[in-house]
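Colleague: I'd like a close look at a single part of this model, taken slowly and with its surroundings. Here is the entry I mean.

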Amino acid sequence: MKLTERALRAALWLASWAIYHNGIHADWAYEKMQRPRTWLTLAANLANYFSRRPRVHRMFGVVVEPVFGCNLRCQGCWGAYALAGRRPTHMPWRLFEEVVDQTPSYVETITFSLMGEPLMHPRLHEMIAFAADRGFRTIVFTNGTLLTGDALIRIAQSPLAVLNVSVEPDAESSHEFRGVDLAAVRRNVDAFLAAKRSETQVKLSLVAHSGNYERLGRVWEQWAGVVRHVKISPRMGTNFEAGGPGPLCMEPWRGNLNVFTNGDVSPCCFDYFAELAIGNLYRQTLEEIVQGEAYRDLMAGLLAGQAPQRCVQCTEWKAEGVPLRAPKRPARRPSKAS
Ligand SMILES: C[S@@+](CC[C@H](N)C(=O)[O-])C[C@H]1O[C@@H](n2cnc3c(N)ncnc32)[C@H](O)[C@@H]1O
Ligand code: SF4
């Protein structure tokens, strides 16, 4: 590992400790922050959060939803909600081009994920190439089950920076919570590793929940010598009964924009119904959305203790038995939303 990479990782690990009281988020952050200007963007955005200003300095990253829909029904995933018919299943190519063309060059990463399985998009490899051609580092999240045959070769030969394969820690929990034969996913990952470009990193992504928490450590035994990077994040959920002012969540301030198949743009990746949509790319440009009134109003509402229902019902900031992600709302409210 190069010295600069070590220094960046150490700094992120410390920051992760300072904010979340554990180092678990350092690798997630490093994946999206390998260019110095991304650090400056985040610092400026978070300065707004900590000084309670309802604005972002500029866009941090972009996440697109190539496919709305999935071949699996993992427990705890938003796929379990009745979403069908709410928006198109595939992101139209023209919309995708608009997203990439409108993303400023200072943005480092374009990620392919959100509410579905990206490998179900027949042009995913072309999307990766299109974004990489314009200088963006590309990241894909996949359940790994469709990483076979021609699709595997096309993705392996594409200029992809990171392939995140979402798994459970062992065969039993994979069967129970994802309905997936872990050995089959392992064969696909082995084949991908053999066919991929040298610069593409492969990582495992795990969601911690009360059903697998005790078994999380098994992932390192199972994948020893195959995949080095393992990322763990807490399972988020929705408490439909929740009330009150809601959290003062940092996520909207990060400037990470999520673009759904219908062009809706939301600052939260857990916003599966796009209830927090701050604009739509068929009506506005990305820049107009970032600087727009809807985005400012959302942040001002959070600052004023008037969080939208989606935020009030989100369990990210109070998931039990798993690491804390967002700071709890401070006991004392900010005196005014500037
Ligand atoms: C929704 S999936 C979409 C991409 C792809 N289908 C996959 O499984 O990686 C993106 C990531 O969200 C994770 N995820 C699913 N449900 C979650 C939840 N309730 N809380 C936190 N993360 C979740 C998945 O494990 C996966 O790593
Ligand atoms: S976690 Fe991924 S694979 Fe599982 S249901 Fe959700 S979108 Fe599909």
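In what sense do strand 2 (residues 109-112) and strand 3 pair, and over how many bridges? Please take strand 3 as the part to walk me through.

Modeller: Sure, and bear in mind that this is a predicted model. Strand 2 and strand 3 run in the parallel sense, paired over 4 bridges. If you want a spot to look at, Thr111 has Ile139 of strand 3 as its bridge partner. To get from one strand to the other, follow helix 5 (residues 124-133): strand 2, that helix and strand 3 make up a right-handed β-α-β unit.

Now the other neighbour. Strand 3 also pairs with strand 4 (residues 162-166), again in the parallel sense and over 4 bridges. Here Val140 is the residue to click on, since it stands opposite Leu163 in strand 4. The connection is a right-handed β-α-β unit here as well, built from strand 3, helix 6 (residues 149-156) and strand 4.

Zoom out and you'll see where this sits. The sheet is open, has 9 strands in the order 6-5-4-3-2-1-7-8-9, and its pairing is mixed. Its edges are strand 6 (229-234) and strand 9 (279-280), each of which pairs on one side only. Further along that order, strand 1 (residues 61-64) and strand 7 (residues 256-259) pair in the parallel sense over 4 bridges, with Val63 opposite Asn258 of strand 7.

Back to strand 3 and its side chains. In a regular strand, side chains alternate between the two faces of the sheet. Arg137, Ile139 and Phe141 lie on one side of strand 3, Thr138, Val140 and Thr142 on the other, and all of them are buried, so both faces are covered. That makes 6 of 6 residues buried. For contrast, try Pro92, in the loop between strand 1 and helix 4 (93-102): it counts as exposed because it has 12 C-beta neighbours inside 10 Å.

Last stop, ligand 1. Of the 15 residues around ligand 1, those that come nearest are Cys77, Phe141, Asn143, Ser166 and Met236, and you've already met Phe141 as one of the buried residues of strand 3. Strand 3 (137-142) and strand 5 (201-208) are the elements that give two or more residues to this shell. By residue type, the shell splits into 5 nonpolar, 8 polar and 2 charged. So much for the tour: strand 3 pairs with strand 2, pairs with strand 4, and contributes to the shell around ligand 1.

Conventions
Residues are numbered from 1 along each chain as its sequence is written. Chains are lettered from A and ligands numbered from 1 in the order in which they are written. This is a predicted model: local features need pLDDT of at least 70, side-chain atom pairs count only at pLDDT 80 or more; totals for chains, interfaces and linings use all residues. Two strands pair if DSSP finds at least two bridges between them. A residue is near a molecule or strand if its C-beta atom, placed from the backbone, lies within 6 Å of it. Ala, Val, Leu, Ile, Met, Phe, Trp, Tyr, Cys and Pro count as nonpolar, Asp, Glu, Lys and Arg as charged, and the others, Gly among them, as polar. A residue is buried if 20 or more other C-beta atoms lie within 10 Å of its own, exposed if 12 or fewer, and partly exposed in between; C-beta atoms are placed from the backbone. A crossover is right-handed if, with the strands pointing away from the viewer, the path from the first strand over the helix to the second runs clockwise.
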